[in-house]
Amino acid sequence: MTKVKLILSILLVFSVGVYAEVATEIKVEEHVENKDVDQTLQTKLEDARRQLRTELMNDPALFEAGQTRVYRGKHLDAIEFPVGGIGSGCLLMDGTARRRAWQIFHNFTYNVIPDSFFAIRMKQADGKPQVRTLQTVSEGPFEKMTALSMRGEYPFAWYDFEDAKLPAEVSLETYNPFIPLDAKNSAIPCAVYNITVKNVSGKPLGVILLGTQQNAVGYVPPKAEYRDVSFDEVFDNGNQYRDPIVIKARKFGTYGQNCNQVRTEDGFCSIDMTIQQSADSRAYGSMSLSVLNADSTTAIASWDDINVLHTDFCEDGKLSSDIAKAGPSPDGETLNGAIAADIQLAPGQSRTVSFLLTWHFPNDLLGGFINPPKWNARAWGGGQWGGKGNMYGNWWENASEVADYVSVNFEKLETETRQFHQTFYQTNLPHWLLDRISGQMAILKSMTCFWTKDNYFGGWEGTGSVDGSCAGNCSHVWHYAQAHSRLFPELARLMRQQELGAMKPDGMIPFRQIDNGHPALDAQCGIILGAYREHLVSEDGDWLKQYYPAIKKAMEYAIGHWDSDEDGWLTGSQHTTLDCALSGNSSWLGSMYAAALAASEKMALLQDDTPHAKRCRKILDGATNLHNEKLWNGKYFFQIPGKQPLSDYNNGCAIDQMLGQWWAWQVGLGDLYPRPRIKSAMASVFNNNFRANFVGIQQKPREFVKSDEAAMQIITWPGKDRPARHTAYADEVMSGFEYAAAANMLETGLDTQALTALKAISDRYDGRLRTGYKPGWGNLGYSGNPFGDDECGKFYSRSLSIYSVLLTSQGYHYVGPQDVLAFSPVWKKQNHRSFFTTATGWGLFTQKIDSTEQSNALDVKWGKVKLKKLTLAVPEKKTVAKIRVRHNEEHLRTTFKQAASGAVEILFNDTLTISKDQKLKVDISLK
């Protein structure tokens, strides 16, 4: 046998919260569990891990309200905060307040546009001017700020600068409009920078803010980057970012014929940046830098030397504004422009100036080729998936129009974005958990998503370092995502329409949208479940009526292909999201099949298709009965392989063993399995798969957790009976799976286990940069960036599953076409607050309960909420004596009944519309 070196780092517990790390290096013939020395070490490790897990479960921070996380020092190193519209490209703000990556040209590389930054000049009457960049990186002679701290609550990031030599406090707020249910205004190609300065001295202070921007129109990858790239090049193993496309000063190969024009009107000043090239070329487009809210402005259409600019700015803060128009620039060269905004501050006074960057590149080719090794999404005019042009091209002709639109609507866009943020953060889940949920919304603003001019909404699985990661709107990944459907239901419906449109004549839907694609069982069922969800979040039943024939055909394919005898027991090869196929039956895929049948029954009944509804119900009952009879070992559900085993997990404890049940709860289908068994199964997942650290635990083939961090593995084998050939990625950790499992734990009353697992993810993504992962295909490791989790690529779409934790916590169920809304909170039932959405509006739901009274309220903050029935859970063993319903303090006549579940159903005589800034209050007397 081959000798290997086993290095184990043992964490020994000496007292509560105190650990000593003892590194032990042991040479053994082979790392097998029956070696005496190995058993001793493993026992010590497991004992230490169990004690550490107990401490993690007893951490008071799990349930405490907490406060906004502040990132400082090393916790800034991994920050990548996307600022940009949905599908419109973005800029990634880093922990220095620098725009580290300009991904507005449909590029995934981490390129930096030179000479593009903000700076400040301060001067008191009797003092010398002081100039700093608004970042902790110097730009030529522009001196950097000493330090900063950063706070992020998506969609807002706040940078608070520190410099003891300055007479003012300076902060920068950045965001892109994010307004649930308003996809257009959440897809604007822009970035807003609100710079606030407070005079903390005792003297008047003159402040001038500088925004300088390179005209980067024409920036496209050089021809060398059009080549076919290998799969490994897409991911660039080793966790290193590629930056092969360097702009040197104002020179770049595809620059040339660039023009800048200063435009000033009614307190609005902008530099419009264009290029004189063919309107059909990839290089064609425009940018604009604008400023609002200043006392006065000066601008210059072109500057060449940063030292001259610095001198000019230092002298009086005003720019030599005699250059209002510049260009066209020589071939291979571009122009830099700058705007200076003047404000005056009395002692103690604070003012905010808003800079606005907009962009417009109408000829981007979005998407690309599907499969490795010929990835090559960058080839102009090539690709099998996606389309040409951005959706925003249908709304605005150029970046100047975008700037004008945002400036005219600035107050509305900012107010509604702040209203969403404030309402969401009124949810009384722990603050660290709200940060987790909102942080994953950033994925929708990253390069993971694109939206073409012909209304195709594309989703990579994530982003790579030169390209997107895993193409084709991969439905066995994207079906986990929940946030996009609740926040922007029109985009989710669009994705379902695209999937159903890719259906083959027999009803098979390729899990990647390509002609020669093949099915995955979890994807096929996830699409059906997603279709039911999209119906639930629609205003009426028209969408379901239109797509029902295709949805039915998809279910019929699943039945015929994997359950031809219709007994509910799966057969054949079942491809999955773990990039391998299972045989036989597992509760993982079996529950997905069962949930899809349950959703199909509901949809069939809505379409008066009684035969199909009965067929689905019969198979569903058979499936769940067989699962309970054959796949239950007394603690959890397992797998029985088929006659021809594949990549099976047999007796393993799988994190997704109740995934179909998770889906069922997300769309109001109830319990598919006995509740005690579901709870036991989820407790087993936590007990067996949650590791308090990964010392001595293998992660194959990829590593997503450091050895001193906690996480839940995908599959473990408590009986030490791991199959020789088993399910791929079993030893890995992926947060998208963890979020779904945690939601199930929360639903079944395993609050501490759920929060322990979720807090471990929060602690892993804490802003510290993780590096040094072992090589392996598609392995970027994970960065530690709090704003978009990593898996096979960064900003990974599966992580949008975390929104299910919010829905579970509030016990949310909504049927838009019937105007039915229901809440049954499992989180802080006695005093609950949570953000909610409907098809037409959103707001805050509250609940308070004491021994004899329960009060609930719906406070609508945007749009309108229509209700015909409102269902509210009441405490167990309590009877509803009477209710009082008020709409804006006006008493409403309603009827109510208490269901067998104990919940009270309130029926409105007419459809009630609760408009923005209106409130519905319900007071319930209990006995």
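## A ten-strand sheet, its cover helix and the spaces around

The lining of the second largest pocket counts 17 nonpolar, 14 polar and nine charged residues. That pocket belongs to a predicted model, and its volume is about 1200 Å³. Here is a friendly tour of the pocket, the cavities, an open sheet of ten strands and one helix residue, Ala550 in H11.

**The second largest pocket**

- With a volume of about 1200 Å³, the second largest pocket is lined by 40 residues, and those closest to its centre are Glu747, Gly811, Ser824, Val826 and Ala873.
- Two or more lining residues come from each of helix H14 (659-666), helix H16 (735-747), helix H18 (803-810), strand S36 (820-823), strand S38 (841-849) and strand S39 (853-872).
- H14 gives the largest share of this lining, with three residues.

**The open sheet**

- If you follow the sheet from one side to the other, its ten strands come in the order S3-S9-S10-S11-S12-S20-S16-S15-S14-S18, with antiparallel pairing.
- At the edges sit strand S3 (70-71) and strand S18 (325-326), each of which pairs on one side only.
- Strand S20 is largely enclosed by the rest of the structure, because eight of its eleven residues are buried.
- On one side, S20 runs antiparallel to S12, and nine bridges join the two strands; here Thr196 stands opposite Thr352 in S20.
- S20 also pairs with S16 in the antiparallel sense, over seven bridges, and Leu289 stands opposite Leu357 in S20.
- Leu289 also takes part in the next pairing along: Ile271 stands opposite Leu289 in S16.
- That pairing, between strand S15 (residues 268-275) and strand S16 (residues 286-292), is antiparallel and spans five bridges.

**A helix across the sheet**

- Helix H5 (residues 410-424) lies across strand S9 (147-153), strand S10 (156-162), strand S11 (168-175), strand S12 (190-199), S16 and strand S20 (350-360).
- Relative to S12, H5 runs at about 85 degrees.

**Enclosed cavities**

- Searching the whole structure turns up eight cavities of 30 Å³ or more.
- The largest cavity has a volume of about 80 Å³ and is lined by Arg69, Tyr71, Gly152, Trp432, Asp435, Arg436, Ser762, Tyr765, Pro786 and Phe787.
- Helix H6 (residues 431-441) supplies three residues, the largest share of the lining of the largest cavity.
- By class, the residues lining the largest cavity are five nonpolar, two polar and three charged.
- The second largest cavity holds about 60 Å³ of space.
- Among the residues lining the second largest cavity are Gly87, Ser88, Gly89, Gln103, Ile104 and His106, along with Asp364, Leu366, Asn390, Met447, Cys449 and Phe450.
- In the lining of the second largest cavity, five residues are nonpolar, six polar and one charged.

**Ala550 and its contacts**

- Ala550 is found in helix H11 (residues 542-562).
- Which residues does Ala550 contact, leaving aside its neighbours within four places in sequence? They are Leu500 and Met503.
- The C-alpha atoms of Ala550 and Gly501 are separated by 8.4 Å, although the two residues are 49 residues apart along the chain.

Note on methods:
Residues numbered from 1 in each chain as written. Predicted model: local features only at pLDDT ≥ 70, side-chain atom pairs only at ≥ 80, totals over all residues. Heavy atoms only, no water. Pairing = 2+ DSSP bridges. Helix = DSSP H or I, 4+ residues; strand = E, 2+ residues; numbered from the N terminus. Contact = heavy atoms within 4.5 Å. Axes fitted to C-alpha atoms, helices over the stretch in contact; angles between N-to-C directions. 1 Å grid on protein atoms, 1.4 Å probe; cavity = no way out; pocket = protein on both sides within 12 Å on 5 of 7 lines; lining within 4 Å. Points joined across faces, edges and corners; volume = space filled by probe spheres on them. Nonpolar A, V, L, I, M, F, W, Y, C, P; charged D, E, K, R; others polar. Buried < 20%, exposed > 50% of the residue type's maximum accessible area, 1.4 Å probe, protein only.
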